[in-house]
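This report describes a single protein model, one part at a time. Please keep the sequence and the structure in view while reading.

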Amino acid sequence: MRYYSLFFIALFLTSLSSCSKKDNGEIKPTQGDISESVYASGVVKAQDQYIVYATVSGSLQKIEALVGQPIVMGQSLFKIESEKATLNTENAQLAYQLSKEDNRYIQDKIAEMETKVQAAKDKLDLDQSVYNRNKNIKQYNVISEVDYEKVELAYKNSKSNYDATVKQLAQLKAQLQNDQSRNNINLKINQKSQSDYTVKSAYSGELFDILVKEGTMITPQTPLAIIGKKNAYLLELEVDENDMVRVEVCQTMLVTMDSYKGKVFEAIVDKIYPIMDERSRTFKIEAHFVHPPQKLYPNLTAEANIVINTKKNVLTIPKSYLIEGQYVLVNKDEKRKVRVGLSDYQNVEILTGLSAQESIYKPK
């Protein structure tokens with residue numbers, strides 16, 4: 001694993017070591033604090049920062065906002081040429097109006113069919129009554145077989161006619177419903193398609209940048225603008241996969257930025273994205289400043305050391321005096337095994353094998 005410490009920690013510990021260092025490379029261990037940390041790098045982002053894209057292709061007709069302008073959710077930002085979409089919407093509107101005329105005709109047909117259904121029902125009731133009476137008296141041989149069959153046939157024909165008219169009525173009603181729904185949906189689709197040619201803001205915030213010019217041909221893959229919350233910033237950092245297992249939410253980090261040379265800012269880990277970027281072999285994390293710098297801008301670069309562990313008043317030696325990660329030189333050329341603990345960029349903690357009064361020598 002790779003661990004790093006910020007420059008001021010290294011300088012501090014170096015100064016402690018140099019106090020007890022002699023010209024021949026002889027030094028004594030120093031007593032002090034040591035912190036183990038994980039390195040991360042990234043940029044400053046505005047909260048809810050996002051890139052604006054269109055959902056349709058076309059020529060950018062008009063830019064309706066200015067860089068630095070406050071933006072509210074739903075505000076129009078860009079107009080894309082939409083003559084074809086407008087014509088499609090007008091055509092759908094016309095089809096919808098015509099369908100209303102057709103629907104009135106269908107409604108008249110429905111009323112006419114309802115009358116036929118009622119007439120068929122009345123005839124069925126009558127023929128069924130005659131059929132039932134003749135069926136009851138047939139056993140007494142009051143009616144001939146031929147007459148009975150005529151009555152039965154009339155009843156069956158009436159029933160078939162009634163069922164057919166009921167089915168026709170249901171079909172007309174379904175046709176009316178389907179035509180209304182189809183034309184209404186088609187109109188809404190075209191209206192929505194036309195509205196897509198007006199690009200609106202998804203969030204409230206500030207317009208940081210406009211990335212296109214009027215007259216540009218754009219597609220859904222063309223970035224149009226960058227928007228985010230004003231005066232609300234976070235850190236978006238990347239951590240190497242080898243170090244990620246030691247990073248946790250709520251850990252403290254020390255941050256430096258090129259814009260504020262010589263200054264160190266404290267931040268807290270807020271969020272860990274639980275998937276690795278396969279190209280960079282890193283994990284993304286987010287953090288917030290405890291006390292933010294006076295001025296911040298999106299995409300400022302930042303480096304951070306996430307503090308994993310800190311020990312106070314421990315015995316340390318420079319890493320350059322450690323041999324093979326487990327030995328030091330005493331009596332100028334005697335190799336002695338030691339057990340090490342935490343380490344930072346320049347120093348390592350000695351747990352056992354060496355006392356503060358003993359001298360060690362730098363290996364050649």
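## A four-stranded sheet

Strand 3 and strand 10, the latter made of residues 223-228, run antiparallel and are joined by four bridges. One of the facing pairs is Tyr53 with Pro223, the partner that lies in strand 10. The model is a predicted one, and every value in this report was computed from it.

These two strands belong to an open sheet of four strands, arranged in the order 3-10-8-5 with antiparallel pairing. Which strands form the edges of this sheet? They are strand 3, residues 50-53, and strand 5, residues 70-71, and each of them pairs on one side only. As background, side chains in a regular strand alternate between the two faces of the sheet.

## A nonpolar patch on the surface

Ile51, Tyr53 and Leu211 make up a nonpolar patch on the surface, and together they have about 260 Å² of accessible area. Tyr53 was met above as the bridge partner of Pro223.

Leu211 sits in the loop that runs between strand 8 (205-210) and strand 9 (217-218). Is Leu211 buried or partly exposed? Its relative accessible area is 37%, so Leu211 is partly exposed.

## Two nonpolar cores

The largest nonpolar core contains 29 residues. Leu235, Val239, Met253, Val255, Met257 and Ile306 are the residues with the most contacts inside this core. Several strands supply at least two core residues each: strand 2 (30-46), strand 11 (233-240), strand 12 (252-257), strand 13 (260-277), strand 14 (282-289) and strand 15 (301-318). There is also a second, separate core of 19 residues, and Leu60, Ala65, Ile71 and Phe78 are among its members.

Leu235 can serve as an example from the largest core. What does Leu235 contact, leaving aside its neighbours within four places in sequence? Its contacts include Val43 and Val44, Met253 and Val255, and also Ala267. Further contacts of Leu235 are Ile285, Glu286, Ala287, Phe289 and Ala302.

## A hairpin

Strand 18 (residues 339-343) and strand 19 (residues 347-352) run antiparallel, with three bridges joining them. The two strands form a hairpin, and three residues lie between them. Within this pairing, Arg339 stands opposite Thr352, which is in strand 19.

## Salt bridges

Side chains of opposite charge can pair when their charged atoms come close. In this model the count of salt bridges comes to 14. Three of them are described here.

Lys312 pairs with Asp33, and their closest N and O atoms are 3.8 Å apart. Lys312 is in strand 15 and Asp33 is in strand 2, so this salt bridge ties together parts that are 279 residues apart in sequence. Lys312 has a relative accessible area of 64% and is therefore exposed, whereas Asp33, at 36%, counts as partly exposed.

Lys311 forms a salt bridge with Glu349, with 3.3 Å between the closest N and O atoms. This pair links distant parts of the chain, since Lys311 lies in strand 15 and Glu349 in strand 19, 38 residues apart. Is Glu349 buried or exposed? Glu349 is buried, because its relative accessible area is 4% and the cut-off for buried is under 20%. Lys311, at 29% relative accessibility, counts as partly exposed.

The third example joins the side chains of Arg279 and Asp277, at 3.9 Å from N to O. Arg279 is exposed, with a relative accessible area of 78%, and Asp277 is partly exposed at 31%.

## Two loop residues with positive phi

Asn299 is not a glycine, yet it has a positive phi of about 75°. Where is Asn299? It is in the loop between strand 14 and strand 15. With a relative accessibility of 43%, Asn299 counts as partly exposed.

Lys332 also has a positive phi, near 70°, and is a residue other than glycine. Its place is in the loop between strand 16 (327-330) and strand 17 (334-337). Lys332 counts as exposed because its relative accessibility is 56%, and the cut-off for exposed is over 50%.

How values were computed: Residues are numbered from 1 along each chain as its sequence is written. This is a predicted model: local features need pLDDT of at least 70, side-chain atom pairs count only at pLDDT 80 or more; totals for chains, interfaces and linings use all residues. Side-chain values use heavy atoms; hydrogens and water are left out. Two strands pair if DSSP finds at least two bridges between them. A nonpolar core is a set of buried Ala, Val, Leu, Ile, Met, Phe, Trp, Tyr and Cys residues joined through side-chain atoms within 4.5 Å. Buried means under 20% relative accessible area, exposed over 50%, partly exposed in between (1.4 Å probe, protein chains only). Contact means heavy atoms within 4.5 Å. Patches are made of residues with over 30% relative accessible area and no salt bridge: like charges are joined within 9 Å, nonpolar side chains (Val, Leu, Ile, Met, Phe, Trp, Tyr) within 5 Å. Accessible areas come from the Shrake-Rupley method with a 1.4 Å probe; for residues, only the protein chains shown count as cover. A salt bridge is a side-chain nitrogen of Lys or Arg within 4 Å of a carboxyl oxygen of Asp or Glu.
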